[in-house]
Amino acid sequence: MSFSSLFALKKVDNLDLLKALGILLVLINHSSWHNLQGGVNILILISGLNFARFSFKKDNKEMVADILRLLKKLLVPSVLLIIFYSMIYTKFDWKELFLISNFYYPQKISTFPVWYVQAITQLFLIIIPLAFLFNFSRWTKTHPIKFSLCMLALAMAMPLAIDLFIDSASLYWKLPHYIAWNFILGWVIWAMLYDSPRTVRNQLLCWVIVLTSTFIVLQVYQPIPINRFIIFSILVTLLILFRTVKIPNFSYRPVIILASAVFYIFLLHGGVMKWFVDHFGSHLSYAMTSILKFIVALLICCVSYIIISAFTKAWVVVKNKRKAMNS
């Protein structure tokens with residue numbers, strides 16, 4: 001491949017680029033290299049957007065079936081990892097295993113963001129009965145913008161009501177009523193910019209809604225450093241402005257791998273980082289440890305994704321061939 005072709009521009013779906021940037025920010029933040037937050041917020045928003053894209057035009061039963069499939073993909077490896085870490089550290093916490101410890105304390109045994117698994121599972125378990133009780137599909141099919149905005153308003157009000165009974169700050173706001181707005185923002189963006197014409201008016205209105213709600217939650221409800229609001233706002237602005245972006249040819253494949261491997265990186269990076277620090281941290285400076293554990297975790301997680309994906313595809317091919325031979 002020539003030098004010029006390496007730097008030739010190639011189109012990539014903006015969602016893939018933002019997923020890659022989001023998980024990189026999570027890795028950087030967890031490596032203690034720099035306090036760059038906001039990555040998890042863009043990943044939650046994209047999850048909500050994809051849920052709306054694939055489920056909002058379906059009836060309630062199909063929508064709930066989609067949720068159950070998502071929960072299965074999320075919970076099976078997550079629960080297995082919780083059991084694995086419980087055995088490794090010879091500690092057991094039934095609240096963590098049953099995905100409710102985020103309502104009791106911020107500590108955890110597992111070395112991956114188990115709070116997210118807990119909070120998103122709890123949120124889905126709230127959405128399932130509400131979908132039937134209020135006939136979500138009636139509104140998602142006919143008035144997706146109005147529905148999404150009403151749900152966003154409800155999600156914005158939830159913390160005010162629930163925090164009368166729960167000290168969310170002591171739990172670092174890692175609770176379903178503090179990620180609901182983030183997930184539902186994905187619904188709003190899908191309804192206004194993907195299901196509707198991407199006009200300048202819609203883009204501007206969507207941008208104002210997203211940034212206003214984000215500021216209220218991340219700066220008013222949660223007195224946390226403003227860097228999360230700034231980084232998340234920049235990423236969301238890119239999402240609102242562009243459906244596709246052009247990137248250098250040499251970066252295209254890494255971006256696609258990162259975007260595809262998000263779940264693997266999410267689950268595995270904490271364990272890899274802890275292993276690296278335990279074995280090499282005492283021999284390196286803080287800065288070098290941070291940089292190297294970021295690189296090592298990124299490489300091991302991506303290689304794991306590539307190997308497992310290749311094995312899975314090969315297994316499907318073999319399985320299909322056996323079926324064809326038997327028939």
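This note goes through the predicted model in numbered points, from the whole chain down to single residues.

1. Overall build. The protein, which is a predicted model, contains 14 helices and two strands. Its C-alpha atoms fill a box of roughly 55 × 50 × 50 Å when the box is taken along the principal axes. The radius of gyration is 21 Å, and this agrees with a compact globule, because a globule of 327 residues would have a value near 20 Å.

2. Packing along the chain. Of the 327 residues in the protein, 47% are buried. Among the contacts that join residues at least 6 apart in sequence, 74% are between residues at least 24 apart, and several of the residues discussed below can be read with that figure in mind.

3. Surface and charge. The protein exposes about 17200 Å², and carbon and sulfur atoms supply 71% of that area. The protein carries 30 positive and 11 negative charges, and the mean positions of these two sets lie 9 Å apart.

4. Cysteines. How many disulfides does the structure hold? The structure holds zero, and two cysteines can be taken as examples. For C150, the closest cysteine sulfur is that of C206, at 16 Å, and therefore too far for a bond, given that a disulfide needs the two sulfur atoms within 2.5 Å. C150 counts as exposed, because its relative accessibility is 53% and the exposed class begins over 50%. For C302, the closest cysteine sulfur belongs to C301 and is 6.9 Å away, which is again too far for a bond. C302, with a relative accessible area of 12%, is buried.

5. H269 in helix 13. This histidine sits in helix 13, which spans residues 262-280. Is H269 buried or exposed? At 1% relative accessibility H269 counts as buried, since the buried class covers values under 20%. When neighbours within four places in sequence are left aside, H269 is in contact with V26, L27, H30, P113, A297 and C301. One of these partners, A297, is 28 residues away from H269 along the chain, yet the C-alpha atoms of the two are separated by 5.3 Å.

6. Y264 in helix 13. Y264 is also found in helix 13, but Y264 is partly exposed, with a relative accessible area of 25%. Apart from neighbours within four places in sequence, Y264 is in contact with C301, Y305 and I308. C301 thus appears in the contact lists of both H269 and Y264, and C301 is also the cysteine whose sulfur is closest to that of C302. From Y264 to I300 the distance is 36 residues in sequence and 9.9 Å in space, C-alpha to C-alpha.

7. Q203 in helix 10. Q203 belongs to helix 10, which covers residues 200-221, and its relative accessibility of 14% places Q203 among the buried residues. Leaving out neighbours within four places in sequence, the contacts of Q203 are L193, R198, I240 and L241.

8. L154 in helix 8. Helix 8 runs over residues 144-162 and includes L154. This leucine is partly exposed, with a relative accessible area of 45%, a value that falls between the cut-offs of 20% and 50%. L154 and T121 are separated by 33 residues in sequence, and their C-alpha atoms are 19 Å apart in space.

9. The loop between helix 8 and helix 9. Y172 lies in this loop, which leads to helix 9 (180-194), and W173 has its place in the loop as well. Y172 is not a glycine and yet has a positive phi of about 60°, and W173, likewise not a glycine, also has a positive phi of about 60°. A reader checking the backbone may wish to look at these two residues together. The tryptophan W173 is buried, with a relative accessible area of 15%.

10. F165 in the loop between helix 8 and helix 9. Which class of accessibility does F165 fall into? F165, whose place is in the loop between helix 8 and helix 9, is exposed, with a relative accessible area of 75%, whereas W173 in that loop is buried. The C-alpha atoms of F165 and S309 are separated by 45 Å, and the two residues are 144 apart along the chain.

Conventions. Residues numbered from 1 in each chain as written. Predicted model: local features only at pLDDT ≥ 70, side-chain atom pairs only at ≥ 80, totals over all residues. Heavy atoms only, no water. Helix = DSSP H or I, 4+ residues; strand = E, 2+ residues; numbered from the N terminus. Rg over C-alpha atoms; globule rule 2.2 N^0.38 Å. Buried < 20%, exposed > 50% of the residue type's maximum accessible area, 1.4 Å probe, protein only. Contact = heavy atoms within 4.5 Å. Areas by Shrake-Rupley, 256 points an atom, 1.4 Å probe, with all protein chains shown as cover. Lys, Arg positive; Asp, Glu negative; His and termini not counted. Charge placed at Lys NZ, Arg CZ, Asp CG, Glu CD.
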